[in-house]
Amino acid sequence: MNHLLIMLPMLIPLYGAILSLFFWRYVRAQQLIGILAQVCLLIATFLLLFDVNDNGIRTSQIGSWPAPFGITLVADLFSSMMVITSAITGMAIYLFSIKGLDKARQTFGYYPVLLILQLGVSGVCLTGDLFNMFVWFEVLLICCFVLIALGGTKPQLEGAIKYLTINFLASGFLLTGIGVVYGILGSLNLAELAVLVRTPVSHPALITMAGMFFLIAFGIKSAIFPLFFWLPASYHTPPIAISAFIAGILTKVGMYALIRLFTLIFVTDQGLTIPLFTVLAGFTMVVGVLGAASQNDFRKILSFHIVSQIGYMLMGLALFTPLAIAGSIYFIIHNILVKTNLFLISGVVAHRHGTFALKKLGGVYLQQPFLSVLFFISAFSLAGIPPFSGFWGKFMLAKAGFEIDSFIIVLVSLAVSLITIFSMTKIWNEVFWKKKPETDPLLNVITKQTHRDNRLLHLPVALLAMFILFIGLYAEPVVSMAQLAAEQLMNSELYINAVLKK
Amino acid sequence: MKTVILATAIRILIPIFIIFSVYTLFRGHNHPGGGFIGGLIGAIAFVFHTMTHGPQQTVDTFLRLNLYGYPRQPNQSRSLYLMRMMRVNVWRRRKLARHPEIKQRMIRIEPIYIIATGLLLSATSGVVGLIAGQPFMHAFWTDFYIPVLGKPGTPILFDLGVYLLVIGVVLKITFVMSEE
C-alpha cells in the first residue's frame, strides 16, 4: 500500500498519457481520459499527503534494490505538498484547455504531453536519487519544449529556441555537477550523500564547488537573478493554457530542487552560500519587479513577476532558519496557485477581447464583474495584502528575517511588495477600470459561442481562486504543515534514517 | 534510392534483421543486448525498406492488414458469421485480393500505436510488482527455462515494451523524414 501511494502520482499521469496515445485521433476521448486522470491524481496526492502527515517520511525502493544502490522514491511533507499543488494546477489547466485552446493544437498531442509534464513534476518531487532527478528534469525540458513550440508560429519558435538553448546549458551544468559529486563521494543517493558530506574525511571545498554547478543549473531553471533572461523572452509566446502551466509550475520545481539539495547536501560551507543566496535573492526580487513595472503587456508583466517572486523563495533559503524555510514552502505553494490563476485570467480576458496589450484593453469590470473579483483575489494575494495568501508567506519570511537581524533583505522584500502592488494596480486600472478604447466594432465581434465558451473558462479560474482563498483565510493548517515540512528539511537525520533504515 | 542491388538484398536481409533483433532482445537480460538495441536492429529492416521502396510501400507491406468479407446476412448467426470471416481472411486471402470490390475494411498500424503499446507493456511490467504489494518494478521470475529465450519473467515484458517503443519511434521518424 505504501509503495502504491508513492507511485500513484507518477503512474496516473503515465497511464493517462499512454491511453491518450491510443486515442490519438479522438480529442474528445483524450479530454475525457485527461479529466479522469486529473481527478484520480488529485485524490491520490491528497491520500499521499495524509499518509505522510500521519506516518512521517515514506520511502519505496524501485525494483526492490536496497537503498544506496537502487533508485529511492521519497515522499516527505515538502514533496507531497508540491505534488498536490501541481495536481490542483493541472486540474485547472485541463478544464481551461478544453475551451481555451484551439482545436488544431489539441489534436497534435497536447493532452498526452501535458500529462507527461505532470509525470515529470511528480518525478522530480518524489525522487531520492540525484541522477534520477536529472532524468526527470530532462522529461520536463522536452515536454516544455514541445508545448512551447506546439503550433509552430514564428514567435513561439523563437521563444522555444531561446528556452531550449539556455535550458540545455543548464542541464549540462547539472550533469557536470552530478559527475563531480559522484567523483568525490561515490554515490548518487541523496540520503547517502547527506551522510557522506557530514563525515570529516569529505572535501568541503570540492563539495562547495559541485554545489555551485547545481546552483547555476537550478538557477537557470528557476530563473534567479543573473540567469533569468530567457524566461520573459519565452513564456509569453505560447497560448495561455500552456504558458500558464509552465509559468506556474516549472520555475518552482527548480526551486524545489534547490531547496532540497541545499538543505540536505550542500550545507558544509554555509559561510559562502548564505551571503551569496541573500544577494541573489535581493537582486532577483528587485530586478524582476522593476522589469514588470516597465512592461505594457498583460502576460509580460506576469512573466517578470515570476522572477520577482522566485526571489522570495530564495530569500527563505538564504535566511536558513526553520521558520524561513517554512515561509519559502508556503510561498511556493501560494505562488504556483496564484501565478497560474493570473495567467488564466489574462487568457479569459484575451479570449473575450482578443489582445493582451494593456492599451487596447479596458472596461472588463463592467462587462465581467465576476472575473474582476477573481482577479482582485489573485492579484492582491500576489502583492501580499493581509487576508490573502501571499501575506502569510511574506509575513513568515519577514519574521524569520527579523529574528536573525537580516534587516536589509527584509526591507528589500517589503519594498518589492509595494512595487508589486503598483504593477497589479496598473493592470487593474488599465484592463478593468479604464473605459474601453474605441476600436473598429467589426474587428472584434463576439459571437454567442464565444460568450458561452468564455463563461465556461471562468470555472478553472474560480476553482483556483477557491484554493487561494482557502490557504489564505484558513492558513493555519497549511502554515503548520509547512512548518513541519521545514522541520523535516532542517533535520536531515529524519530523511537519512527513513531512506537508509538505520 | 531505388537500386536493384539494394532492393534484392533487402528482401533477404529483412527476415535476418528481425530474427536477430528478437534474439538480441531476449539475450539482453544476462548478456549485452536488450530491448533498446534489439528495437534499433529491428528498425533497420524497416528503414532500409523505406529507403528502397518509399514509405507508402513499407506501410502497405508491413503495417497494413486488409480484411475481406461481405456484410452479415439478416438471418445468419453472429458467431457463424465471425467464424466464416475468420476462415476467409486466413485461408482465402490470395484469391480475394484479386477482387478489390469485396474488400471490406483496412486495419492500419500507425507507429503511434506501436509506441503506445510499448509504453503500456513497460509500465505494466512495473505495476505487477505493485499489485503483489512489492515496490514498483519488483521482478518476478518463473522457474522453468526456455532454450533460446531464457527464463521468462516480468523484466522481459519491460524489454519487450522498450523494443516496441524504439521500433515505433524510429518508424515514425523515418516516415516523417522520408515524406519531406
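Helices here are DSSP runs of H or I at least four residues long, and strands are runs of E at least two long, both numbered from the N terminus. On that basis, chain A of this predicted model comprises 21 helices and two strands.

Begin with the whole of chain A. Along the principal axes, its C-alpha atoms occupy a box of roughly 75 × 55 × 40 Å. The radius of gyration is 22 Å, which agrees with the value near 23 Å for a compact globule of 502 residues. If the viewer can colour by burial, 57% of the 502 residues will appear as buried. Of the contacts in chain A between residues at least 6 apart in sequence, 81% join residues at least 24 apart.

Next, select residues 130-149 of chain A, which form helix α6. Its 20 residues should span 28 Å at 1.5 Å a residue, and the end C-alpha atoms lie 29 Å apart, in agreement.

Within α6(A), display the side chains of the buried residues: L130(A), N132(A), M133(A), W136(A), F137(A), L140(A), C143(A), C144(A), L147(A) and I148(A). Turn the view to look down the axis of α6(A): the buried residues fall within an arc of 150 degrees, so they line one face of the helix. An α-helix has 3.6 residues a turn, so residues three or four places apart point the same way.

Now add the elements against which the buried residues of α6(A) pack: α5 (110-126), α7 (154-185), α8 (190-197), α10 (230-234) and α11 (240-264), in chain A.

Finally, move to G151(A), which follows α6(A) and has a positive phi, near 110 degrees.

Conventions. Residues are numbered from 1 along each chain as its sequence is written. Chains are lettered from A and ligands numbered from 1 in the order in which they are written. This is a predicted model: local features need pLDDT of at least 70, side-chain atom pairs count only at pLDDT 80 or more; totals for chains, interfaces and linings use all residues. The radius of gyration is taken over C-alpha atoms; the globule rule is 2.2 Å times the number of residues to the power 0.38. A residue is buried if 20 or more other C-beta atoms lie within 10 Å of its own, exposed if 12 or fewer, and partly exposed in between; C-beta atoms are placed from the backbone. Two residues are in contact if their C-beta atoms, placed from the backbone, lie within 7 Å. The expected span of a helix is 1.5 Å times one less than its number of residues. The arc is that of the directions from the helix axis to the C-beta atoms.
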